[in-house]
Amino acid sequence: MKKILSIFAVAVVFLATSCGELPPYDLEKETQIVVGLEAAYAPFNWTDVTPNEHNYPISNQSGSYVDGYDIQMSKAIANDIDKELVVKAIDWDGLIGALQSGEIDVIIAGMSPTDTRKEQINFSDEYYRSEIVMVVDKTSAYASAKCIADFSGASVVAQRGTLYDDVIDQIDDVNHQTPLDTYSDLILSVVSGTSDAFVAELPVAQSIVNANPGLSVVHLVDGGFSTLDSQITVAVGLRKGDTDLLDAINESLLGISIEQRDTWMEEALERSDS
């Protein structure tokens with residue numbers, strides 16, 4: 001009877017997996033936590049070619065390492081839930097698919113818990129809160145802008161598949177350009193004069209400007225983009241069925257103070273500029 005039940009249990013798991021539904025992450029049995037991120041989104045995450053005390057090996061890119069705010073957060077969470085950390089670099093547009101397929105266990109990649117994404121996956125409590133800004137050529141007329149109305153008529157671009165592309169249409173008479181895949185592409189677009197500005201969150205924008213002194217961050221102090229609270233925070237992404245893992249991660253986040261989070265971000269900004 002036990003053998004029959006065991007076979008039945010295996011069959012249920014097989015059928016669930018074959019239909020696209022994975023068994024829940026087992027906190028007692030699993031020894032690893034596999035984190036997916038872009039490894040190209042400084043200061044949240046970026047790729048290094050040499051190891052150091054801060055970065056971590058990328059398991060699917062031999063000889064590459066990833067550093068940044070997300071990695072410090074990943075290390076802390078893995079330690080708190082007593083799992084070996086494994087990190088995979090995955091293109092932004094492929095992160096949710098990789099999570100749903102079981103290639104990774106969680107997304108820790110500066111991802112905002114938008115309503116659209118919540119339809120597909122679950123999110124933890126926030127682990128960072130940011131500000132939406134514009135990045136422009138420091139010699140352009142837009143460098144003195146104070147609000148989104150000042151960008152009326154401008155050619156504006158953002159990264160594909162992000163909130164920052166979605167909000168561009170809030171600018172009156174804007175030339176909403178086709179979104180680009182990477183921040184390197186966005187930088188080149190502004191530097192070359194193809195775009196007047198691109199939209200980003202503050203830590204990423206500051207890291208870019210620090211590395212590209214010909215660019216400038218514009219803070220929208222007199223009227224910025226209209227956003228939901230969930231759109232300016234970032235959280236850990238998990239599969240819908242992984243409620244035990246979600247609870248464990250939220251418990252871990254409770255133990256990480258705001259002061260510690262701010263320190264990690266400041267240090268990540270400094271390292272990403274070097």
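**A walk through the salt bridges and a charged patch**

Start by selecting arginine 129 and glutamate 126: their side chains meet in a salt bridge, N to O at 2.7 Å (a side-chain nitrogen of Lys or Arg within 4 Å of a carboxyl oxygen of Asp or Glu). Keep in mind that this is a predicted model, where local features need pLDDT of at least 70, side-chain atom pairs count only at pLDDT 80 or more, and totals for chains, interfaces and linings use all residues. Residues are numbered from 1 along each chain as its sequence is written, and side-chain values use heavy atoms, leaving out hydrogens and water.

Stay on arginine 129 and add aspartate 229, its partner in another salt bridge (2.4 Å, N to O). This pair links distant parts of the chain, 100 residues apart: arginine 129 sits in strand β8 (residues 122-129), aspartate 229 in the loop between β13 (215-218) and β14 (233-238). Strands here are DSSP runs of E, at least two residues; helices are runs of H or I, at least four, and both are numbered from the N terminus.

Now turn on the surface. Arginine 129 is partly exposed at 38% relative accessibility, and aspartate 229 is too, at 44% (buried is under 20% relative accessible area, exposed over 50%, partly exposed in between, with a 1.4 Å probe and protein chains only).

Next, pick arginine 239 and aspartate 242. They form a salt bridge with the closest N and O atoms 3.4 Å apart, and both residues are buried. Add Asp105 to see one network, in which salt bridges that share partners join Asp105, Arg239 and Asp242.

Finish at glutamate 259, in helix α9 (residues 258-273). Glutamate 259 is exposed, at 57% relative accessible area.
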